[in-house]
Amino acid sequence: MSEAKRWLLPALFVLTAGLHVYLAVTLGQPRPTSPFQDVNVYSELAQNIWRDGVPLTRVAERTYPPGYPLVLAPTFSIEDNSLRYAVTYGLHSVLLSLSLLLLLPLLSEALSRKKAWLAITALQFVAGATFAQLHAQSEALFTPLIVATTGVAWLAWARPSARRFVLVGALAGYCLTTRRLGIVVPIALLMVLGLQLMADAEGRRTRLKWLLFAGLGIGLGLLPDLAAMLLRKTMVVPYRGYATGYAEATGKALTDLSNGWLFLQTGARQIAYLGMTTLAAPAFLAAIVVRTPREQRPPEPLQATAAFVGLAALGGAALTTLHIVRHIFNLSPVEGYSVYPRYLDPFEIPLIALGIASAVWLLNRRARVAELLLALAALGLLAGAWYRSRAGRLASVARLEQLGWGDVGVWAFGLVTLGVIGFAYALWRSGRYGTLGTILLAVILSWTLSFHVPKRWVERGISTARDSAFLGAEALTKAPTAPLCVVVPKRGRRSYYEPAFRTDHPVWFVRPKGVKACIDAHPDAFVVSRPNDKYPGRDGTKVVAKDGRWRVRLGADVGKTPPKKKKKKKKKRKKKK
């Protein structure tokens, strides 16, 4: 191959990575559209890390692990708010593209170097990963982390070294530092290494070293989380009562038949969803791990990595199921949602990549996978309908009814799953499943399942967010970069995020007693408060802007004008007759 041709495919990858960045920057919101979105919490955490080095919140009571805010923090060196979010979305896309490069050795082994380059080029545009890049939330980092962990795990098993096992452990640990759902990643890694240790009597010493090096890496990946816990003096848990809530939900499912059926159906929906969005990849991973002939085992790197990704995805589906049934049984009197794609989409790219690699090996040995595909199809039928899809790509039954497909909606989950499985089986029978074309079909299918989402994102991209009216007042527009000291009496109400992260005004959230310190540090600041929230110096100070929910006063005037004393009315004495 000539020098020019050798660089053609990497150049194509870079070009499409640039296109992906452009799409993310174009479609991503230039500011939060609601004060109640998680993006506000992540933005406050990142801002506080950048300013004070402390991952704490002053507004939201529910906080999140520090992994993603640490990555987001440097963007707060950018003063232009819209540009900051554009850079954030671009950074998400760049991290995804870089992580995909780590899958190149794995796919080169399964396909060829040329096809591997084309494969990772196509995988950049898987729908779930693309949508994740459009949110300033932890999924945007969690997705490339799992992809990178998968690639490094294959390298560690293919070319064992202490450095590689420490690195894969560190990536797995940082998955947990980024999202609490990420606990499944280090657990899956340790499980596979532990099973290898028990199965290999002759190489037990070497296997033990691998396990210890991976454990060391996991510890390194958890260091930022440990630091955050020490600063907060408590464990960083987004939802209160995680363990007890999950235990209670499981207990209700085991002691009541109807609850147990709902529990079973919810779990089936999550696994069927993973099968639908990855062209039945879980069936091929299961085949490579448990259904291979005894006389000829698959290469250890392929089998171990397939087991790792399969266990992590299965664990993610299990925790998602527990989260959903906990919501239905314990927290909400109304019917909950059926499937949570946002929690499952980060596993999409690793599943597709390992599904292809596994299928290539299985096809060459003419292995049987029909039974496993049938089992995955049965889960789709067991899943029934999806009535609500939270933060996801699937249209709800209500949405299908709007489109005139209401009768189909009740059976949609099973029908779509059967269609995908049937299509995958037809490809398998033709001997074409384990090819580059399969990856392209998987990408196309991922967008087909998300057909209603691009239109919604484009509409949101050209619409205006719900901003506070006072932000357009003359006093503030004349000083577009003046700081805002937002008075927050106590943590717990996200509505106080409303003035923040929507304009170029830098925001400081302060308690009532901290208003004076904020004004002293920023003499040109405005003090923003709710009408009924009091702070020293408020009374008697002129309001320069207001709307139904907020009052704005010039910081330099606060406390300078003494409050007017109310005159006591003299009571008129009644004249005696």
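A residue is counted as buried when its relative accessible area is under 20%. In the predicted model described here, Gln137 has a relative accessible area of 9% and is therefore buried. This residue lies in the loop between α8 (127-132) and α9, and, when residues up to four places away in sequence are not counted, Gln137 touches Asp38, Val39, Tyr42, Tyr68 and Arg342.

The helix that follows this loop, α9, also takes part in a helix pair. Two packed helices are described by the angle between their axes and the distance between the axes. For helix α5 (residues 81-101) and helix α9 (residues 139-158), the axes come within 8 Å and cross at roughly 10 degrees. Since angles under 35 degrees count as roughly parallel, α5 and α9 are therefore roughly parallel to each other. On the α5 side the contact is formed by His92, Leu95, Leu96, Ser99 and Leu100, which meet Ala140, Leu141, Thr143, Pro144, Val147 and Ala148 in α9. Sorted by class, the contact of α5 with α9 comprises eight nonpolar residues and three polar ones, with no charged residues.

Charged side chains appear elsewhere in helix α9, where Glu139 is located. Side chains of opposite charge can pair when their charged atoms come close, and the count for this model comes to 12 salt bridges. In one of them, the side chains of Arg179 and Glu139 meet at 2.7 Å, N to O. This pair links distant parts of the chain, as Arg179 is found in the loop between α10 (162-178) and α11 (184-199), whereas Glu139 belongs to helix α9, 40 residues apart. Both Arg179 and Glu139 are buried. The two residues are, moreover, linked with Arg342 in a network of salt bridges, and Arg342 is also among the residues that Gln137 touches.

Other salt bridges can be described by the exposure of their partners. The side chains of Lys478 and Glu474 meet in a salt bridge with an N to O distance of 3.0 Å, and here both Lys478 and Glu474 are exposed. A further salt bridge joins the side chains of Asp539 and Arg538 at 3.1 Å, N to O. Within this pair, Asp539 counts as partly exposed because its relative accessibility is 43%, while Arg538, with a relative accessible area of 12%, is buried.

Key. Residues numbered from 1 in each chain as written. Predicted model: local features only at pLDDT ≥ 70, side-chain atom pairs only at ≥ 80, totals over all residues. Heavy atoms only, no water. Axes fitted to C-alpha atoms, helices over the stretch in contact; angles between N-to-C directions. Helix = DSSP H or I, 4+ residues; strand = E, 2+ residues; numbered from the N terminus. Parallel < 35°, antiparallel > 145°, perpendicular 65-115°, else oblique. Contact = heavy atoms within 4.5 Å. Nonpolar A, V, L, I, M, F, W, Y, C, P; charged D, E, K, R; others polar. Salt bridge = Lys/Arg side-chain N within 4 Å of Asp/Glu carboxyl O. Buried < 20%, exposed > 50% of the residue type's maximum accessible area, 1.4 Å probe, protein only.
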